[in-house]
Structure formats: structure tokens, C-alpha cells
Amino acid sequence: METVILAVVIAVVVLGAISGLVVSGRKKKQLPPSPPAAPSAPATPSVTAPPAEPHVGEEAEAPSDEERRTIEEVGLPEAEAPAAVAEPEAPAAPPAPAIEVPEPTAGRLVRLRARLSRSQNTLGKGLLTLLSREHLDDETWEEIEDTLLTADVGVTPTQELVDRLRERVKVLGTRTPEDLRALLREELLALIGTDADRSVHTHNGIGTNGDEIPGVVMVVGVNGTGKTTTTGKLARVLVADGKSVVLGAADTFRAAAADQLQTWGERVGARTVRGPEGGDPASIAFDAVKEGIAEAADVVLIDTAGRLHTKTGLMDELGKVKRVVEKHGPVGEVLLVLDATTGQNGLVQARVFAEVVDITGVVLTKLDGTAKGGIIVAVQRELGVPVKLVGLGEGADDLAPFEPEAFVDALIG
Ligand code: GDP
């Protein structure tokens, strides 16, 4: 009997133990993972050391919900950033967008050829048609002249071209379409120039302290010409060519400019140095180059303000931006952005900017929307510097290195 009771007791104990194990095992699965032992307080980003933006090729870690809440509660609005010197990092890093791979730059103008030929039809094809007339009388030559002037080629270059064409057509005698096309191609190329160095100078410079510094490119131009867009597109051109880029948002007068530039930068993994709205553009430009040096970036692109209504203010400011950047080292390139659709007005702008800073290259935007491609000739003459890039649309990769041959070929197709 005792043995039976003992057996029953043992069975009950064993069963109890087994069921206890199962229950505690289930409970364990339902428990959240134990908190880490080390930190005693939640991670609160400090005002002085905000989370950094992603570096080139690096995935940014998005803040957790809790961290985001903390940032909001602590309240780090942009306006409260120190007014004098712009901190490179934005207070709260948004989740990193996917980094895009821009199109290669080689052959972009050929790819965009259709847009050019569509918009410049009256110039190239118009000239060919006129030259193909059976009788090239004075009236026809006047029409040729008008076609060139309407396309904004400018008075002197137009006269030069017409004189050359008249002379050569006379010598040619019989005019086959092929002959005429070849002749016009040659003369248009001579007018635009094929010898100029049209590369954007982005090679490293030697800093004032004797060390290598990134290539520095300043982008200047009147608001609305496409300056910020062009700076963003140029970042893509450089990234496509395998360079690392830092952007400086020194257009602090147009409210959305810094956001716009930062978005362009994020798309290709380039950091944007920015400051408070209305802040000192020169100090942002200075910090951008400082950041470029710290990151050992290849190129620093600086977008500048473009208000023209206060010419003296603009002059002082752009000159100052350049001088302050030069405390680090040389500015390798000053690109003037001109809107091709503005015609003669664009030339006036070019003159004003050239008084302020030494322009080293021109970017002609919106060539897709105008028949006034002749402005290329006029602006090169006006400033004595080459057109280096052309904008042919609003797409991210619609900025192309300017190649005279591809341009003329698109014109006379
Ligand atoms: P900013 O004030 O000079 O910085 O001008 P934005 O960069 O904001 O550009 C003004 C407008 O011009 C924007 O709508 C751009 O998309 C547009 N834009 C810029 N470049 C081109 C171009 O090459 N072609 C066309 N069609 N639009 C352009």
C-alpha cells in the first residue's frame, strides 16, 4: 500500500514539474527581450551633437520612434540653430533615401539630341533650307541674317558668318545638299569654337596650409535661371564620373533653396552643408569647404544667392563668398548659370556677374525650350569664357557637357 501511495506521489510530482516547464517555456516566448544592461537613461541626442547625415556610400541609421519623439520634445527647429556659424549637420536626420546611380555623362548631348533639334529647328534647318535656294539673292542673304539674329547669335558674329558663307558659296559653284551641310557645319563650328577647354575644373587644389583640398566650384546666377537645379544636376554629373561631392547651400535668401539642394544631394549620397534662412552665405560656403576637407571629398559645389534687384548687395556678397572660401584655398571654377530663353537679358546678367567675380564657364539652361541657341555664340564672345554645360530639360540627368560637334550636328541634323 505504502509503495502504491509513494508511486502516486512521485507521479504527481513528475507531472507537475513537466507541466510547469511547458508553461514557463511558453511564458518565456511571450516575454519581450530583456533590456540592455548598460544604459540607464534613454539615448537623447544632444543639441550640440545632432545625428549626422549619411556620408557618401553610407547607409544612414533612421532614428527610432522613441528617438524621433525625443527630438521633437527637445525641439530642435532649424531656426534655433546658432545664427552666426552654420553647423554642417541637420538636427534630425530623416530616413536615408535610396541612393540613385546617375547616368554616365559621356554621350549625354547625343542622347538629348532630339530635344535640341526640336527646339533649334529654325536655326539649323532654316539656314540649310535658305542656303539651298536656287538663287541666293540679297533678299535670301537677309533672311539668313535674320534667322541668325532671331536665334540670338548677336550682330557681329552674324555679320561675320554671313560674309564667310557668301564667300564660300560663291567659290563652291554648284551646291549639292551635302556640300552645303558640310560648309554650314564647318562655319557654325568655327563660330562656336572647338579649341576651348570645356571641362569643369574640379581637380584638387593646394590649400593655404599647403595640403590638398577638394576642387571648389561656385555656381552663380540670377534666381529662376535654374541655378540650384543645375548645382544638383552637376553633383550627379560628378558622382557619375566617380567623384565624391559636398554641397554648400549658400543661397540663404530663397526660402526653399537649401531644402531643394539637400534633396538633390541625398539622391546621390552627397552631404549638404546649410545654415539658417537668411544666414551668412560666406560662412556657409566656408563651412562647406571645411566639411569637404574633413571628408576628403573630391569636389565642393557651392550654390549662391542670385537676387539681382540689389546689384551692389549682390556684388559685395558674391565677392565676399569667394574671398572667404579662398581662406581655405583656390576656387577652381565659377560657373555662371544663364537661362537661354531670356535672350539679350541673359547677356546683361552675364555682364553684371562678370563684374563681381571672374566667371570661368557658362551653363546655359532651358535650351530645350527655346530656338535661341545662338546665345551660346553671343555669351562666349561677351564673357570670353566657354559654355561648358547645357541644360536640356527638367529631368535629373538632363544636364550635358557641351560638345560643339554634337550640338551643331543636332542643329543641322
Ligand atoms: P534658381 O532660382 O536659379 O535656383 O532656379 P531653380 O533651380 O529653382 O530652377 C527654376 C526652374 O527651372 C525649375 O522649375 C527647374 O526645373 C527649371 N529648369 C532648370 N533647368 C532647366 C532646363 O534645362 N530645362 C527646363 N525645361 N527647365 C529647367
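Trainee: What makes a residue count as one that surrounds the ligand, and how many are there?
Mentor: In this predicted model, 18 residues surround the ligand, the closest being Gly224, Lys227, Thr228, Thr229 and Glu394. The cut-off is a heavy atom within 4 Å of the ligand.

Trainee: Why is the approach of the Thr229 side chain to the ligand called a polar contact?
Mentor: An N or O atom of that side chain is 2.4 Å from a ligand oxygen. The limit is 3.5 Å, so the pair qualifies. Backbone N or O atoms make such pairs too: one of Lys227 lies 2.7 Å from a ligand oxygen, and one of Gly393 lies 3.3 Å from a ligand nitrogen. As for cover, the protein takes up 80% of the 590 Å² that the ligand alone has accessible.

Trainee: What makes you say that the charge of Arg267 sits over the ring of Trp264?
Mentor: The charged end of Arg267 is 5.3 Å from the ring centre, and the distance limit is 6 Å. The charge also has to be within 35 degrees of the ring normal, and Arg267 is listed as sitting over the ring.

Trainee: Why is the pair of Phe402 and Phe407 called edge-to-face?
Mentor: Their ring centres are 5.3 Å apart, within the 6.5 Å limit, and their planes meet at 65 degrees, over the 60 required, so edge-to-face it is. Both Phe402 and Phe407 are buried.

Notes:
Residues numbered from 1 in each chain as written. Predicted model: local features only at pLDDT ≥ 70, side-chain atom pairs only at ≥ 80, totals over all residues. Heavy atoms only, no water. Phe/Tyr/Trp six-rings, centres within 6.5 Å; stacked < 30°, edge-to-face > 60°. Buried < 20%, exposed > 50% of the residue type's maximum accessible area, 1.4 Å probe, protein only. Polar contact = N/O pair within 3.5 Å; in protein donor to acceptor, adjacent residues only side chain to side chain. Areas by Shrake-Rupley, 256 points an atom, 1.4 Å probe, with all protein chains shown as cover.
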